[in-house]
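Hi there,

Here is the structure I promised to pass on to you. Have a look at it first, and then read on for my notes on what turned up.

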Amino acid sequence: GGYKPSSAPPNDYFNNTETYDGTSFTEVNNLNLARASAAGFGSSTSAIAAGGTSNVTNVEKWDGTNWTETGEINTGRSQFNGAGLTEPAGIVMGGNPGKSDKTESWNGTSWTEVSDLNTARDEFGSAGSQTSAAIFGGNPPSSGTDAHEQWDGTSWTEAAEINTAVIACSGSGASNGSMLKIAGATGSNTNQTKTEVWNGSSWTEINDLTTKRSYVHAAPGTAVSCILAGGHDQTTYGISTNEEFEADNTLSTVTVS
């Protein structure tokens, strides 16, 4: 999915799907409903696309070959996000209209409303799984927030802030104990290259992206390996470049016997 690159949104939407094999992207079967600003989670063989412009409730699941319509979310929305490692288990949260605080959990068949976010917002980054997730950044304020919340499978708890307040950032990580916050835009609507890593207690700025961008999602990965593709580069809505992240090898503990 996504916005077609023409003028600033609102504009037309894609239903295209592309997969990445570590070297190149290949177009595969399309979404049934063209949309932008949807929430997603899962893997390249088992994923969910939920909601999207214009605040639809439609949900589709991906089996590695085809998209199939499935149970709808309870609250139609867009500009929100999700967390989950595979299609049968994940959550979606926040979004527009009205800067939602709602969280919904997916069990492979239906959606259930669970505990709300502490701070309602849209255009934020997320990472993690159905039982260990996080969100960071977002709107309000329109200048971007540094607020960060963590999900333990039952409730949201406020945690240490990211270093740079942003909107429209992205995230990567298999749990809320180890993850990345990537890119985004500041209140002056200036896209960022900043990347921050979370070690379970604090955020640290690390190597920057090559291209400034916002309104982009990292493919679900980890804090040491992920890919970021497309987005807004301050000039064009819809760039085609991608960047891969691989953390440096480090030696932390050695036990010899």
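The sulfur of Cys-226 has its closest cysteine sulfur in Cys-169, at 13 Å, which is too far for a bond. Please keep in mind that this is a predicted model. Seen from the other side, the sulfur of Cys-169 finds its closest cysteine sulfur in Cys-226, again with 13 Å between them. A disulfide is a covalent bond between the sulfur atoms of two cysteines. A pair counts as one if the sulfur atoms lie within 2.5 Å, so at 13 Å Cys-169 and Cys-226 do not qualify. The total for the structure is zero disulfides.

Are these two cysteines buried or exposed? Cys-169 is buried, at 2% relative accessibility, and Cys-226 is buried as well, with a relative accessible area of 9%.

Now to the rings, which I think you will enjoy. A pair of aromatic rings is described by the distance of the centres and the angle of the planes. The structure holds eight aromatic pairs. One of them joins Tyr-20 and Phe-25, a tilted pair with 4.6 Å centre to centre and 40° between the planes. Both partners are partly exposed: Tyr-20 has a relative accessible area of 26%, and Phe-25 comes out at 34% relative accessibility.

Trp-198 and Trp-203 form a tilted pair too, with 5.3 Å centre to centre and 45° between the planes. Here both tryptophans, Trp-198 and Trp-203, are buried. There is also an aromatic cluster, made up of Phe-41, Trp-106 and Trp-111.

Last, a sheet to look at while you have the viewer open. Four strands make up an open sheet in the order E7-E8-E9-E10, and the pairing is antiparallel. Which strands are at the edges? They are strand E7 (81-86) and strand E10 (111-114), each of which pairs on one side only. From one strand to the next, the twist averages 20°.

Within that sheet, strand E8 (residues 89-93) and strand E9 (residues 103-106) run antiparallel and are joined by four bridges. If you want a spot to zoom in on, try Val-92, which stands opposite Glu-104 in E9.

Happy to talk any of this through whenever it suits you.

Best wishes

Technical notes. Residues numbered from 1 in each chain as written. Predicted model: local features only at pLDDT ≥ 70, side-chain atom pairs only at ≥ 80, totals over all residues. Heavy atoms only, no water. Phe/Tyr/Trp six-rings, centres within 6.5 Å; stacked < 30°, edge-to-face > 60°. Buried < 20%, exposed > 50% of the residue type's maximum accessible area, 1.4 Å probe, protein only. Pairing = 2+ DSSP bridges. Helix = DSSP H or I, 4+ residues; strand = E, 2+ residues; numbered from the N terminus. Axes fitted to C-alpha atoms, helices over the stretch in contact; angles between N-to-C directions.
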